[in-house]
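Hi there,

Here is the structure I promised to pass on. Have a look at it first, and then read on for what I found.

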Amino acid sequence: MNIATRDLSYHDLETPLTGLFCWNEAQEGPRPGILLIHGGAGLDAHAREQACRYAALGYAVLACDMFGDGIAGDRERVMACLLALRDDPGRLVRRGQAGLAALAGSPEAAGPAAAVGFCFGGMAALALARAGTNLAAVVSIHGSLATSAPAQPGAVTARVLACHGAADPHVPPADVAAFAAEMNHAGADWQLVMYGRAQYGFTHQHAVPGAMPSVAYDRLADERSFAAVRAFLADALAP
């Protein structure tokens with residue numbers, strides 16, 4: 001399958017951003033769009049690979065840029081940007097919505113849209129849902145479930161799926177329980193799938209074992225979560 005890609009430049013206010021747009025050029029006509037939100041390292045190889053993976057399912061995918069130029073690759077700048085976005089949910093949502101606007105402006109994308117995020121990107125995708133962003137579906141894959149701005153009753157209009165590693169120490173059981181209570185209180189249409197033995201970052205196929213504590217690739221969790229997301233999106237983004 002020939003997945004085409006192009007860089008896509010856009011802005012969040014004065015911040016220039018450059019994402020990677022992916023689509024199956026053999027597929028005719030516009031198709032539902034996915035905003036794919038990278039993890040804490042920025043728009044890296046993992047995010048690019050995942051964007052092509054989802055484009056192969058028949059979606060127009062924008063792997064967005066949440067950081068801006070000159071951030072990725074500089075640990076101090078990355079940490080400062082991550083903390084600034086985490087601690088300012090309004091800014092985090094605005095940055096994501098800038099990506100959604102860029103996605104909507106692409107001729108290959110039309111109709112309902114979804115946001116799919118990994119790690120930090122999972123937190124960002126859930127922030128979009130909590131803010132009532134006009135999306136058909138939101139997916140968090142090994143992302144943080146905690147928030148300083150919980151969803152209010154009736155606010156979440158997107159369907160929500162969270163894929164969580166049961167052995168992820170960064171998201172303790174208390175956070176999982178709080179997330180469930182929050183979604184129920186908001187009246188959301190939500191699902192949570194937990195994968196036994198899976199740690200943080202279980203979709204990172206090229207993660208070096210032991211290089212980062214509690215980060216490990218888990219083939220079963222990767223394959224099972226991809227199947228779950230694929231079915232979830234097929235239903236939520238159906239014409």
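Before the helices come up, one term: contact here means heavy atoms within 4.5 Å. Please also keep in mind that this is a predicted model.

With that in hand, start with helix α1, residues 45-55, which lies across β1, β2 (15-24), β3 (31-37), β4 (60-63), β5 and β6. Relative to β2, helix α1 runs at about 40°. Helix α5 (residues 173-186) also packs on the sheet, where α5 touches β7 (159-165) and β8. The direction of α5 makes about 165° with that of β8.

Now the sheet itself. It is open and has 8 strands, in the order β1-β2-β4-β3-β5-β6-β7-β8, with mixed pairing. At the edges are β1 (3-12) and β8 (190-195), each of which pairs on one side only. On average, neighbouring strands are turned by 20° against each other, ignoring direction.

You can walk through part of this sheet strand by strand:

- β5 (residues 109-118) and β6 (residues 137-141) run parallel and are joined by 5 bridges. Ala 114 stands opposite Ala 137 of β6.
- β6 and β7 are also paired in the parallel sense, over 5 bridges. Here Ile 141 has Cys 163 in β7 as its bridge partner.
- β7 and β8 run parallel too, with 6 bridges between them. His 164 has Met 194 in β8 as its bridge partner.

How many of the 7 residues of β7 are buried? The count is 6, so β7 is largely enclosed by the rest of the structure.

The other part I'd point you to is the pair α3 and α4. Helix α3 covers residues 89-104, and at 1.5 Å a residue its 16 residues should span 22 Å; the end C-alpha atoms are 22 Å apart, which agrees. Buried residues of α3 include Leu 92, Val 93, Arg 95, Gly 96 and Leu 100.

The axes of α3 and α4 (residues 120-130) come within 9 Å and cross at roughly 90°. Angles of 65 to 115 degrees count as roughly perpendicular, and α3 and α4 are therefore roughly perpendicular to each other. From α3, the contact is made by Leu 92, Val 93, Gly 96, Gln 97 and Leu 100. The α4 side brings Phe 120, Met 123, Ala 124, Ala 127 and Leu 128. By class, this contact has 8 nonpolar and 2 polar residues, and no charged ones.

Happy to go through any of this with you.

Best wishes

Definitions and conventions
Residues numbered from 1 in each chain as written. Predicted model: local features only at pLDDT ≥ 70, side-chain atom pairs only at ≥ 80, totals over all residues. Heavy atoms only, no water. Pairing = 2+ DSSP bridges. Helix = DSSP H or I, 4+ residues; strand = E, 2+ residues; numbered from the N terminus. Axes fitted to C-alpha atoms, helices over the stretch in contact; angles between N-to-C directions. Expected span 1.5 Å × (residues − 1). Buried < 20%, exposed > 50% of the residue type's maximum accessible area, 1.4 Å probe, protein only. Parallel < 35°, antiparallel > 145°, perpendicular 65-115°, else oblique. Nonpolar A, V, L, I, M, F, W, Y, C, P; charged D, E, K, R; others polar.
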